[in-house]
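Colleague: I have a new model open on my screen and would love a guided tour. Could you take my questions one at a time?

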Amino acid sequence: MTVDVENLVRRFGAAAALDGVSLSLRQGEFAALLGPSGSGKTTLLRILAGLDFPDQGRVRIAGVDVASVPARDRGVGVVFQSYALFRHMSVAENVAFGLRVRPRRYRPPEAEIQRRVRELLELVQIPELAGRYPEQISGGQRQRVALARALAIEPQLLLLDEPFGALDALVRKDVRRWVRGLHERLGITSILVTHDQEEAMEMADRVAVMERGRIVQLDTPQALLEAPATAFVAGFLGEATRLPLYIERGIARLSEFGLDDIEIDLADGEAVLFLRPHEVRIEPAQASRAVVRFIRPEGTGGTRILAETGSRIIEGISHAELARGDACRIRPVSGTVFHGDGTTHRWQRQEAWAAG
Ligand SMILES: Nc1ncnc2c1ncn2[C@@H]1O[C@H](COP(=O)(O)OP(=O)(O)OP(=O)(O)O)[C@@H](O)[C@H]1O
């Protein structure tokens with residue numbers, strides 16, 4: 001189902017947890033809400049689930065305004081990290097819960113409930129655990145049970161709030177790939193809340209980056225990396241070196257960082273230059289203030305180098321033999337400039353300069 005959120009505001013006292021959030025998701029889309037702690041991700045998810053209510057704004061699910069639709073009638077499945085399984089219920093009973101608490105009129109017959117529970121446990125690949133209790137299964141298995149429980153009501157919208165937090169790194173990778181596959185097989189719309197950028201970038205079709213109660217950019221993972229809308233997004237996503245600079249008559253002086261000046265055809269003023277590692281070449285040099293600190297081979301793509309210059313660490317790529325402690329030259333070849341006047345620009349080293 002589609003999800004349309006218009007200008008949501010949610011205040012707690014004087015502070016706005018959501019400060020005018022708008023968002024439209026397509027049927028079948030997998031979206032992630034990504035942002036630092038306190039940026040409003042969980043609040044937005046709770047409002048979608050019907051567990052909290054906005055002070056202003058509107059939520060439509062499948063085109064229907066849900067302001068007066070209670071949580072259990074929204075057709076939404078929810079997996080919250082804090083929504084622990086019921087300890088006194090077996091795995092099968094946990095999964096059946098959402099169906100058994102339905103008013104009699106809407107409750108499927110018991111045989112049908114049991115059939116559906118078996119089907120769901122097959123789907124999440126743990127049919128043999130039906131009779132166990134939560135403390136008798138692993139964290140990854142509990143997560144699968146929580147998912148099966150959320151899916152039991154056949155939701156068209158699945159809301160996942162940090163659902164993989166309790167899993168160790170290896171299992172986590174597996175479970176998230178599997179969840180993404182499940183999303184596709186069921187053809188549902190899903191929203192994942194996370195503060196793990198790798199998770200968001202790997203799982204989602206589009207990622208909404210949140211900052212202080214607002215969505216600052218909603219885009220594909222690739223577009224977020226290649227064309228971040230603000231310096232916050234550029235700094236938050238992917239690896240980047242951030243250099244504050246001052247542009248004067250088309251030149252930004254980087255000598256304080258031990259780098260050559262660069263030509264930037266923008267108005268005089270303060271700016272910030274973001275350099276992704278692949279936008280910086282690191283080369284051997286005889287006399288240089290910059291020193292190679294860390295080296296990580298990247299296969300055929302060269303070597304990732306962390307070089308220190310002045311008090312800064314700059315990450316780049318080298319195609320030459322370099323060892324820890326070697327002097328090196330750091331040459332940015334492209335980057336993103338956020339000008340103090342609020343505009344964003346791509347910067348590319350001119351050939352004449354590049355050769356120099
Ligand atoms: N029930 C509440 N009462 C008061 N303030 C709240 C309440 N719930 C959330 N807040 C505040 O609203 C803001 C947004 O909280 P929210 O939980 O949505 O952030 P989040 O992005 O999900 O953070 P995290 O990544 O830490 O879970 C925070 O400043 C939080 O302290």
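What follows is a short conversation about the sheets, a helix pair and the ligand site of this predicted model.

Colleague: Let's begin with the six-strand sheet. Which strands stand at its edges, each with a single partner strand?

Modeller: Happy to. This open sheet has mixed pairing and runs in the order E6-E7-E8-E3-E9-E10. A strand with a single partner has one side left without a neighbour in the sheet, so the edges are strand E6 (76-80) and strand E10 (214-219).

Colleague: By how many degrees are neighbouring strands of this sheet turned against each other on average?

Modeller: The sheet is the open one with the order E6-E7-E8-E3-E9-E10. Ignoring direction, the average turn between its neighbouring strands is 15°.

Colleague: What is the bridge partner of alanine 32 in E9?

Modeller: Strand E3 covers residues 30-34 and strand E9 covers residues 206-211; the two pair in the parallel sense over four bridges. For alanine 32, the bridge partner in E9 is valine 207.

Colleague: Now the four-strand sheet. How many bridges join strand E1 to E2?

Modeller: Its order is E2-E1-E4-E5, with antiparallel pairing, and strands E2 (15-25) and E5 (64-65) are the edge strands. One bridge pairs leucine 8 with valine 21 in E2. Between E1 (residues 3-12) and E2, which run antiparallel, the number of bridges is eight.

Colleague: On to the helices. Is H2 roughly parallel or roughly antiparallel to H4?

Modeller: The axes of H2 (residues 91-100) and H4 (residues 139-151) come within 7 Å and cross at roughly 30°. Angles under 35 degrees count as roughly parallel. That crossing angle therefore makes H2, relative to H4, roughly parallel.

Colleague: What kinds of residues make up the contact of H2 with H4?

Modeller: H2 passes H4 in a right-handed crossing. From H2 come Val91, Asn94, Val95, Phe97 and Gly98, and from H4 come Val145, Ala148 and Arg149. By kind, the contact residues divide into five nonpolar, two polar and one charged.

Colleague: Last one: which helix gives the largest share of the shell around the ligand?

Modeller: The residues around the ligand are Phe12, Ala17, Gly35, Ser37, Gly38, Ser39, Gly40, Lys41, Thr42, Thr43 and His195. They divide into two nonpolar, eight polar and one charged. The largest share, three residues, comes from residues 41-49, that is, helix H1.

How values were computed
Residues numbered from 1 in each chain as written. Predicted model: local features only at pLDDT ≥ 70, side-chain atom pairs only at ≥ 80, totals over all residues. Axes fitted to C-alpha atoms, helices over the stretch in contact; angles between N-to-C directions. Parallel < 35°, antiparallel > 145°, perpendicular 65-115°, else oblique. Left-handed = near helix turned anticlockwise from the far one by under 90°. Contact = placed C-beta atoms within 7 Å. Nonpolar A, V, L, I, M, F, W, Y, C, P; charged D, E, K, R; others polar. Near = placed C-beta within 6 Å. Pairing = 2+ DSSP bridges.
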